[in-house]
Structure formats: structure tokens, C-alpha cells
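Hi,

Here is the structure I promised to pass on. Have a look at it first, and then read my notes below.

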Amino acid sequence: MNEIISYFSSIPSSHRSLILVAGITIFWLIENAFPLFKFNYKKWHHAGINFFLTFTTIIVNFCLAFILLKTANWCTTNHFGVLQWLPKMPNWLYLIIGLALLDLIGAYLVHLIEHKIKFLWSFHLIHHSDTWIDTTTANRHHPGESVIRFVFTSLGVLIVGSPMWMVFLYQTLSVIATQFNHANLSIPKKLDVFLSYFIVSPDMHKVHHHYVLPYTDSNYGNIFSVWDRLFGTFRTMPREEIIYGIDTHMKPEEHNQLKNLLKIPFQK
């Protein structure tokens with residue numbers, strides 16, 4: 001445990017970038033070998049759009065990273081936040097509670113709110129507009145949404161009172177989890193169901209990407225599946241019946257052209 005804390009306390013930016021690239025590469029290779037759906041699309045064109053939006057997400061987070069650092073340091077210095085107020089406990093339990101709460105606020109809560117507030121939805125819609133969900137979809141976020149999600153991550157750090165090493169670990173697990181549950185993977189249904197009791201599995205998250213309500217407004221989780229089950233937003237659907245996309249933007253010129261995707265939040 002001490003080794004984990006030590007590593008993530010000073011993890012180099014190059015290592016974080018390597019984890020991002022390695023994750024996409026590994027899941028890309030696996031989904032090509034064992035695809036859930038055989039898409040009829042230009043994979044590199046599709047990936048190019050998603051990689052561009054992933055890159056803008058990285059830029060936004062890099063430019064605003066000092067806010068996370070200042071917030072985490074302030075919390076630990078001033079003993080502010082849930083973790084700072086808890087009684088002494090084993091580091092592993094401290095870690096689980098911290099990660100779960102960061103996931104609740106920085107992933108589940110912001111995701112839920114983005115679906116409920118029209119202005120925020122106009123940015124999040126770009127993620128849902130993808131009709132070919134694969135591992136490159138994981139960080140298909142409009143730059144505006146990246147800012148919105150960063151605000152909630154910072155809020156999570158403040159409320160949780162998370163030290164910076166835990167923030168880095170959470171972000172690392174979050175990247176891997178979202179690459180995994182978006183990947184176009186065909187895994188045994190029983191295994192997927194088993195995983196869904198603990199983490200957000202591929203089938204569980206893909207229900208969220210079905211193109212119509214009420215399925216779009218379900219399964220908001222990213223790492224842990226407990227929040228959807230606890231707050232009544234968990235839904236299941238046979239994988240064979242899933243149709244990706246969003247019913248308002250099903251035309252290729254709407255969801256498969258970068259220029260239009262960037263303009264969607266500002267369109268009527």
C-alpha cells in the first residue's frame with residue numbers, strides 16, 4: 001500500500017500519458033479480435049475524430065491541473081473534507097472510501113446532472129452521438145464538457161478531502177475503466193453480469209448508449225456500479241437490441257463530422 005501511495009504521489013506526466021495510450025492500444029487490439037458488433041465504418045476516420053476530442057480533453061485537464069493540486073493540498077493542510085474527518089483506519093479502507101466518493105461526485109453525479117440540465121446536455125450530447133461505440137469513444141468529449149467535468153472533479157476533491165496521490169490514482173483508474181466499458185468487446189454474458197455487481201461492465205454501460213429514452217438516462221456510473229443500483233438508475237437490456245447514438249443526431253453529417261460536433265452546443 002505504501003508503494004502505491006509513494007508512486008502516485010510523484011507519478012510523472014509521461015507515465016500518465018503512457019497509461020492512456022497503452023489502455024486504448026490494448027483494448028483496440030482486443031476488440032478487433034473479439035468484437036461485440038461488426039461495424040461497417042471507416043475505423044480510422046472515426047478514431048481520428050475521437051482522438052482529437054481526447055486530445056482536447058487532455059489539454060483542458062493539463063491547463064487546469066494546478067486547481068486540483070491547490071485544492072488537494074489545501075484540504076490536507078487544513079484537514080478539510082470527509083477523509084480528513086474520519087477516524088484512523090487502515091490505508092486500504094481509507095483508499096476505498098476515497099475512490100468511491102470521488103467516483104460518486106466526479107463521475108456519477110456530474111453525468112446525471114448533464115442529462116438533466118439542457119445546457120449541459122448540449123455539450124454531453126457529442127459523446128452520445130457516436131453510433132459506433134468502441135474504446136476510442138471513451139474520451140469523446142466536447143472541450144466544454146471537459147471543463148464541466150473538471151469542475152465536478154475539483155468539487156469532489158474538496159468535499160472528499162482527497163490527497164493528491166489519491167486523485168492521480170482515481171484519474172488513472174477512471175481512464176482504464178472508461179476505456180474498458182466503452183470497448184467493443186464480446187465477453188461471456190455471465191461474466192459481464194458478475195462484473196456489473198462491482199464495476200461498470202461493458203454491457204452495463206452500453207445500455208446507456210442506446211439511442212432512445214429511458215435507456216439513455218440510466219447506468220451513469222464510470223468505475224463502480226454501486227451508485228446506479230443504490231440510486232435506482234440501473235437498467236439492463238439485451239445486448240443484441242442495443243442501437244448506438246442519440247435519436248436527434250443519427251445522420252452521419254451530424255455525428256461523424258468534427259466541425260459539426262464542435263458546433264452542436266451552439267446550434268438551435
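Which residues does A72 touch, not counting those up to four places away in sequence? Keep in mind as you look that this is a predicted model. The contacts of A72 are V157, S162, P163 and M164. A72 itself sits in helix α3, which covers residues 43-78. Its relative accessibility is 0%, and because buried means under 20%, A72 counts as buried. For a sense of distance, try T178: it is 106 residues from A72 along the chain, and the C-alpha atoms of the two are separated by 24 Å.

Now for the helix pair that α3 forms with α2. Two packed helices are described by the angle between their axes and the distance between the axes. Helix α2 takes in residues 13-33, and its axis comes within 13 Å of the axis of α3, crossing at roughly 155°. That angle is why α2 is roughly antiparallel to α3, as the cut-off for that label is over 145 degrees. The crossing of α2 and α3 is right-handed.

Which residues meet there? On the α2 side you'll find L20, I24, W28, E31 and N32. On the α3 side they meet K43, W44, A47, F51, T54 and I58. Sorted by class, the contact between α2 and α3 has 7 nonpolar, 2 polar and 2 charged residues.

A few backbone details are worth a look too.

- H79 is in the loop between α3 and α4 (82-85). Its phi is positive, about 50°, although H79 is not a glycine. Buried or exposed? H79 has 54% relative accessibility, so it counts as exposed, the cut-off being over 50%.
- N219 is in the loop between α10 and α11. N219 also isn't a glycine, and its phi is positive at about 50°. With a relative accessible area of 0%, N219 is buried.
- P214 also has its place in the loop between α10 (202-208) and α11 (226-231). The peptide bond that joins L213 and P214 is cis, with omega at about 5°.

If you want a route through the model, begin at A72 in α3, then go over to where α2 meets α3, with W28 and W44 among the residues in contact. From there, move on to H79 in the loop between α3 and α4, and finish in the loop between α10 and α11, where N219 is found.

Cheers

Terms used. Residues are numbered from 1 along each chain as its sequence is written. This is a predicted model: local features need pLDDT of at least 70, side-chain atom pairs count only at pLDDT 80 or more; totals for chains, interfaces and linings use all residues. Side-chain values use heavy atoms; hydrogens and water are left out. Helices (H or I, at least four residues) and strands (E, at least two) are DSSP runs, numbered from the N terminus. Buried means under 20% relative accessible area, exposed over 50%, partly exposed in between (1.4 Å probe, protein chains only). Contact means heavy atoms within 4.5 Å. Axes are lines fitted to C-alpha atoms, for helices over the stretch in contact, and angles run from 0 to 180 degrees between N-to-C directions. Angles under 35 degrees count as roughly parallel, over 145 as roughly antiparallel, 65 to 115 as roughly perpendicular and the rest as oblique. A crossing is left-handed if the near helix is turned anticlockwise from the far one by less than a right angle, and right-handed if clockwise. Ala, Val, Leu, Ile, Met, Phe, Trp, Tyr, Cys and Pro count as nonpolar, Asp, Glu, Lys and Arg as charged, and the others, Gly among them, as polar.
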